[in-house]
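Biologist: I am new to this structure and would love a close look at one part of it. Could you take me through the metal site and the space around it?

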Amino acid sequence: VPEDNCYDALIVDVDGVVWRDGEPIPENVEALRRLIREGARIVFLTNNSTKSRRLYAEKLSQAINARISVDSIVNSGYSAAAWLARTRGPTRVLPIGEEGLIDELVGAGHTPLTSHDWPLAEAVVVGLDRNLSYRKLAAAHKAILRGALFVATNQDNAYPVPGGTEPGAGSLVALLSTSTGRRPDFDAGKPGEWILRLALEAAGSPRRPLIVGDRLDTDIEMARRAGVPGLLVRTGVHRDAGPGPGYTVVDNLLVALEEGLVRACGRG
Ligand SMILES: [Mg+2]
């Protein structure tokens, strides 16, 4: 942690930080608004691939009551699409995922295929799909066995919903790993290094970034691997977490501001 606690960019998780169960978390939202006013660059980083970045920009702008641009959002669908675009170029993709994933694939120049066209797939990209059918799984299974690249948007086994959890993208990846006997060729999500690289690029390659999140196993683990300072807010999944090497724990982001643990600093 820099001695004067000043950061020129914050990489901020969304679920459990900006909102929880669809409701904005007031203290965190107020703190984000203050930081934006003070000139901090904020990039939102989420493993959720079901919504497009465009939709995230709209929802975040509403929740925070500030203008949040599409360029300041990185989700795991965008991350997977960007990885394919940069390493392979335009690709024929069989997606397991919702509209948000398909939007990001198209936006990056790829061609999404229907289950029927699985023999044409050069890659299978697996995200959370709450309309999943056996037919779609079978198509993905066959495409992977035929040699298509196997790309995970993320490997979260479960994600929080009101009253508990539901199976996440990682559980669908595990199903296809079991059926095909193949591990994913690439994981585009947190806590991996690739998605953080995209977020840091979106933040303008900051000199003093801070990663803010509610989960030790994704947000803080990603910070640890990259050697970037982390701030765990106790507003989401890990509410009983204590501090550890490389990261600080606070009840919420507003407390961090008021205690002088985090402030915005200019570049240069
Ligand atoms: Mg979270």
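Modeller: Happily; here is a walk through the metal site and then the largest pocket. This is a predicted model, in which local features need pLDDT of at least 70 and side-chain atom pairs count only at pLDDT 80 or more, while totals for chains, interfaces and linings use all residues. Residues are numbered from 1 along each chain as its sequence is written, and side-chain values use heavy atoms, with hydrogens and water left out.

Let's start with the metal. Asp13 (OD), Asp15 (O) and Asp214 (OD) coordinate the magnesium ion at 2.0 to 2.2 Å. Donors here are N, O and S atoms within 2.8 Å of the metal (3.2 Å for Na, K and Ca), and water is not among the atoms, so sites may look incomplete. Along the sequence, the donor residues follow the spacing D-x1-D-x198-D. Asp13 sits in the loop between strands E2 (9-12) and E3 (19-20), and Asp214 in the loop between strand E14 (209-213) and helix H8 (216-226), 201 residues apart. Helices (H or I, at least four residues) and strands (E, at least two) are DSSP runs, numbered from the N terminus. Both Asp13 and Asp214 are buried, meaning under 20% relative accessible area with a 1.4 Å probe, protein chains only.

Now for the pocket. Asp15 is also among the residues nearest the centre of the largest pocket, along with Asn48, Tyr159, Pro160 and Val161; 34 residues line this pocket. A pocket is an open set of points on a 1 Å grid over the protein atoms alone, where a 1.4 Å probe fits, with protein on both sides within 12 Å along at least five of seven lines; lining residues have an atom within 4 Å of a point. Strand E11 (158-161) is one of the elements that supply at least two lining residues, and its four residues are the largest share.

How values were computed
Buried means under 20% relative accessible area, exposed over 50%, partly exposed in between (1.4 Å probe, protein chains only).
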